[in-house]
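Biologist: Please take a close look at a single part of this structure and explain it in formal terms for a first-year student. Afterwards, kindly place that part in the context of the whole chain.

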Amino acid sequence: MKNSLVILLILLANFCQAQEKPKLVVAIVIDQMRYDYVYRFWNEFEDDGFKRLVNEGYFCRNTHFSYMPTYTGPGHASIFTGTTPSIHGIIGNNWYDKESAKSVYCAGDGTTTTVCDCQDHVDKESSYGKMSPRRMLSTTIGDELKLFNPDAKVYGISLKDRGAILPAGHAANGAFWMDNNGDWITSSYYMDMLPEWLTEHQKDKPASSYFRDKWKTTSFEYPLDSMLINKGPGSIKSTPMGNEILTDLGLALMKNEKLGQNSNTDFISISYSSTDYIGHQFGPHAPELVDTYIKMDKEIAKILNYIDTKIGKENTIVFLTADHGVVSVPNELIDRKIPAGYFVASRLKDELNTYLSKIYGQEQWVLRYSNQQFFLDRALIESKNIENEKIQQKCADFLIQKKAINNTFSAHQLHHNEYQNSLHSLIQNGFNQKRSGDVIISLEPGWIEWSSPTGTTHGSHYSYDTHVPLIFWGNKVESGLNDSHINIKDIAPTISTLLGISFPNGCTGNPITNITE
């Protein structure tokens, strides 16, 4: 009898322990952070930022996006829905909408208005707040948390609207982002007026107050006062101070909304964007980027310190990752005799249309090019009694001859075949039958669409764009390293399992058992 009682008590203790859930989940997304940055800048980091996450947390060092194109919108949607663009529908930051025959924005919503610290709280003329998550077709971690417990609070913040909106999801309490004037705004999708605490926070810490002295190291010097005068407060986004102002907003939000201060589990996503603006402009090997990450380290430390003092590490789950990586500046690769190059998309579009016109007659066969996809005029093709499959294959055969192109895929091919564990599968995971184009191309490694001689971009299915850091830290997370292949879409089911809630409804990932068991 005594032994039975002991066993019962042990089982009850284990059950209670299993039921303990964190009071707060903090998702940190660093826009355009490649995996190798963790170790490249390691000696420059202090002990209480990135190093603390790695040393105390669980570092998944072989984490990849499993689709193309690797852009900000699809990246954020995939992290928080646990699936790929083929399911959640965010196939790019912008894409050509076949139904309206117009380009649409991943977070754009013309039915909403901008909510700001302005007269009557709404600016009907401004387009910066005409946003919502309506184009995202599946739920997020935050949506499922709200369905599980309506009293849970869910927020997303970022300098970019899409970096705030897509992680927060459809049912969030709010999402806040910065307009081009350097002001924090939101959309009428979420609320009719900004919270009083945010209005006061903006008055105390306007964007202009962050333009202090100069941004400089021994390698460069940029006078911030001139930048403020010439480009306005919104130019803070392309400086390391953009990360600083976002941290301050995140700390103010957590404090004033009392996140993690009650019996519910709350959720906040903080997406840092300045790293992306600076990375595009200067490339991944520039001293400006190095200094940005040294300063970024201090922002991570501020968040962890707030958690220590106000919530407790034992009551919090933090995960840090990125929405995509980035390729080295092609001109730098060429200088080092590494294969790379540039191509002009508009020229390629015209060449393809000329080729089709020689075969089928002089017409505008190619309507649009976007996200490495060509959209054909299907109504015209149907009126000429041309089979879609045949004209798509003609395009693919023509395009593969171009120097910049590594491979081509037709919509028919992707719809009627299933690819597993290959680069082809990444193209397929990024393909949404309703929204994607008729012919998709992938570029050779190191190649990008022309931007500037010193800048770079991302979007490919190569490891420099897909390989990103993933670190879990906090409540019951044991320290360790994992070099097994992990998909970004595994994050959402992992967090959902820890919270005891349903996976997002389009989820195709799996829980990372080293974290959940």
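Modeller: Two strands count as paired if DSSP finds at least two bridges between them. The model is a predicted one, and the part chosen here is the hairpin that β3 and β4 form. Strand β3 covers residues 94-97, and strand β4 covers residues 102-105. The two strands run antiparallel and are joined by four bridges. Within this pairing, Trp95 stands opposite Val104, a residue of β4. Four residues lie between β3 and β4. One residue in this turn, Ala101, deserves notice: its phi is positive, at about 60°.

The hairpin may now be set within the chain, which contains 21 helices and 22 strands. The chain's radius of gyration is 24 Å, close to the 24 Å that the globule rule gives for 517 residues, so the chain is as compact as a globular protein of that length. Its C-alpha trace spans about 85 × 70 × 50 Å along the principal axes.

The interior and the surface can be described in turn. Of the 517 residues, 59% count as buried. Where contacts join residues at least 6 apart in sequence, 71% of them link residues at least 24 apart. The chain exposes about 21600 Å², and carbon and sulfur atoms supply 48% of that area. As for charge, there are 48 positive and 59 negative side chains. The centres of these two sets lie 2 Å apart.

Note on methods:
Residues are numbered from 1 along each chain as its sequence is written. This is a predicted model: local features need pLDDT of at least 70, side-chain atom pairs count only at pLDDT 80 or more; totals for chains, interfaces and linings use all residues. Side-chain values use heavy atoms; hydrogens and water are left out. The radius of gyration is taken over C-alpha atoms; the globule rule is 2.2 Å times the number of residues to the power 0.38. Buried means under 20% relative accessible area, exposed over 50%, partly exposed in between (1.4 Å probe, protein chains only). Contact means heavy atoms within 4.5 Å. Accessible areas come from the Shrake-Rupley method with a 1.4 Å probe; for residues, only the protein chains shown count as cover. Lys and Arg count as positive and Asp and Glu as negative; His and the chain ends are not counted. The place of a charge is taken as NZ of Lys, CZ of Arg, CG of Asp or CD of Glu.
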